[in-house]
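Open the model in your viewer and get your selection tool ready. We will go from place to place, and at each stop you will hear what to select and what is there.

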Amino acid sequence: MDKDGLIKVSIPVVGEEEIEAVAEVLRSGYYVQGRNVKKFEEGWAEYIGVEHAVATNSGTSALHIALAAADIGPGDEVIVPPLTFFATIEAVLHQNAIPVFADIDPETFTLDPKDVEDKITDKTRAIIPVHLFGLPAEMDEIMRIARRNDLVVIEDCAQAHGAEYKGKRVGSIGDVGCWSFYATKNITTGEGGMITTNNSEIAEKARIIRSHGMTSRDDHVVLGYNYRMNEIQAAIGVVQLRKIEELNNIRIRNSLYLIDSLRDIGWMKPQKIPDYVRHVFFWAPFLVEEEKLGMDTKELVKQLREKGVEVRHRYREPLYKQTMLVHKAAYPRGCPFTCPYYGKEIEYSKVYLPNAEKVAGKLIGLPNHPKLTEAELAKIVKVFRSLIANP
Ligand SMILES: Cc1ncc(COP(=O)(O)O)c(C=O)c1O
């Protein structure tokens, strides 16, 4: 709870060990690409169950590097979901490729494999399934479609630290996995990211692209960036990684408590969780059935806040409606949309995906972070039960 008595939706959980680890880096005078980055990469690779992990300075840069390392570029189409953080789409555009939206399943809110298949053209090169709110996307079907059509699969795992699909951790199933350690995530380094892969070639390329395309101090062999994670971030990450399972388990317990306690409320529906996944609940997501509630979600969020409960309310619109896409305002002179390698037209204003349209704007995430007390959890339940349209 904050000083005004508001139960916050998210709080980073860091303690004295993280503070000490940062102080140690500062005292050492060694801030870039040192032993903490190496240790965090090795620890993360082991935790996810892959051969390689490459640390970056954000989840967005991880996605950008992954696309570049997989040779996705001008003229290529990449299939993406319409409900995700915009970074998933941004990364595709930064690589001069074209995001093509496929619809979601109306109950899990993750990519619908059938619609992915329908969106494949002769330009399609990759699919980015997003494990939304901590729930793994339908990876078996997506991998089958990808292998049949020779497509690269880049898992956006930014919200799914430790999530599992049929016994495998996400980020180890597709060709590449991309992670974010932004402040609100299940574990955090403030800002930060990671790439995971079993493909040595992609890992090697990712390391080069991450640091100015350099193979040595004087050799720049490909177009690169400064997307490096620093030692301060990595030192926090090493400590957070030691706590990840404990933090995840509390998040899961809190979320399941809320789902269970609110199950009989007719106007809110939890995200469907197939029995073969481990959901790690970046959010405790519910779909608001506005007609049954008799109020729109915006008003609901306002009323909850007035009663002392902050909730997340995203994503308000399917992302193909974002101004940037509707106006195709990416690089100057119309690139990548006018790129001669593409040679096609795409009009985002004409895209209409029925399930995404039904769900967007009506999703709320309840507080579920590991610092919540039993009394706060009970208060959340009580506040939801006190709303007008409740039984
Ligand atoms: C699904 C998703 N993809 C990508 C990102 C981008 O990560 P970052 O903020 O670390 O750049 C985020 C979140 O922040 C995210 O939620």
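**Stop 1: helix 3**

Select helix 3, residues 59-69, and colour it brightly. Its buried residues are Gly59, Thr60, Ser61, Ala62, Leu63, His64, Ile65, Ala66, Leu67, Ala68 and Ala69. That makes 11 of 11 residues buried, so this helix is mostly covered, taking 20 or more other C-beta atoms within 10 Å as the mark of a buried residue. Keep in mind as you look that this is a predicted model.

What do the buried residues of helix 3 pack against? Add these to your selection: strand 1 (52-56), helix 4, strand 5 (152-156), strand 8 (176-180), strand 9 (193-197) and helix 7 (200-210). Now step just past the end of helix 3 to Asp71, where phi is positive, at about 65 degrees.

**Stop 2: the ligand**

Next, select the ligand and show what lies around it. The shell has 14 residues, and the closest are Ser58, Gly59, Thr60, Ala158 and Ser180. Two elements give two or more residues each to this shell: helix 3, which you have already coloured, and helix 4 (87-94). Try colouring the shell by residue type: you should find 5 nonpolar, 8 polar and 1 charged.

**Stop 3: the sheet of seven strands**

Now switch to a cartoon view. Here is a general idea to carry along: the strands of a sheet pair through backbone hydrogen bonds, in a parallel or an antiparallel way. In this model, 7 strands make an open sheet with mixed pairing, and their order is 1-9-8-5-4-2-3. Strand 1 and strand 3 (98-101) are the edge strands, each pairing on one side only. Look along the sheet and you can follow its turning: neighbouring strands are rotated against each other by 25 degrees on average, ignoring direction.

Zoom in on strand 2 (residues 77-80) and strand 4 (residues 124-127), a parallel pair with 3 bridges. Select Val78 and look for its bridge partner in strand 4, which is Ala126. Then bring back helix 4, which packs on the sheet and touches strand 2, strand 3 and strand 5. The direction of helix 4 makes about 175 degrees with that of strand 2.

**Stop 4: the nonpolar core**

Which residues touch the most other members of the largest nonpolar core? That core has 112 residues, and the ones to select are Ala66, Leu67, Ala70, Val78, Ile154, Cys178 and Ile195. You have met Val78 already, as the bridge partner of Ala126.

Centre the view on Ile195. Leaving out residues up to four places away in sequence, Ile195 touches Ala53, Val54, Thr56, Ala62, Ile65, Ala66, Val176, Cys178 and Ala206. Among these, Ala62, Ile65 and Ala66 are buried residues of helix 3, where the tour began.

**Stop 5: the sheet of three strands**

Move to another open sheet, whose 3 strands pair antiparallel in the order 7-6-13. Strand 7 (168-169) and strand 13 are at the edges with a single partner strand each, so each has one side without a neighbour in the sheet. Strand 6 (residues 164-165) and strand 7 are antiparallel and joined by 2 bridges. Pick Glu164 and look across to its bridge partner in strand 7, Arg169.

**Stop 6: two positive phi values**

Select Asp150, in the loop between helix 6 (139-149) and strand 5. Asp150 is not a glycine, yet its phi is positive, about 55 degrees. Phe281 is another non-glycine residue with a positive phi, near 50 degrees. Find Phe281 in the loop between strand 13 and strand 14 (284-288).

Is each of these residues buried or exposed? Asp150 is exposed, because it has 8 other C-beta atoms within 10 Å. Phe281 counts as buried, because it has 30 C-beta neighbours inside 10 Å.

**Stop 7: two cis peptide bonds**

For the last stop, show the backbone atoms from Arg314 to Tyr315: the peptide bond there is cis, with omega near -5 degrees. Tyr315 lies in the loop between strand 15 (312-313) and helix 11 (323-326). Then go to Cys335 and Pro336, which are also joined by a cis peptide bond, with omega about 5 degrees. You will find Pro336 in the loop between helix 11 and helix 12 (354-359).

Key:
Residues are numbered from 1 along each chain as its sequence is written. This is a predicted model: local features need pLDDT of at least 70, side-chain atom pairs count only at pLDDT 80 or more; totals for chains, interfaces and linings use all residues. A residue is near a molecule or strand if its C-beta atom, placed from the backbone, lies within 6 Å of it. Helices (H or I, at least four residues) and strands (E, at least two) are DSSP runs, numbered from the N terminus. Ala, Val, Leu, Ile, Met, Phe, Trp, Tyr, Cys and Pro count as nonpolar, Asp, Glu, Lys and Arg as charged, and the others, Gly among them, as polar. A residue is buried if 20 or more other C-beta atoms lie within 10 Å of its own, exposed if 12 or fewer, and partly exposed in between; C-beta atoms are placed from the backbone. Two residues are in contact if their C-beta atoms, placed from the backbone, lie within 7 Å. A nonpolar core is a set of buried Ala, Val, Leu, Ile, Met, Phe, Trp, Tyr and Cys residues joined through C-beta atoms within 7 Å. Two strands pair if DSSP finds at least two bridges between them. Axes are lines fitted to C-alpha atoms, for helices over the stretch in contact, and angles run from 0 to 180 degrees between N-to-C directions.
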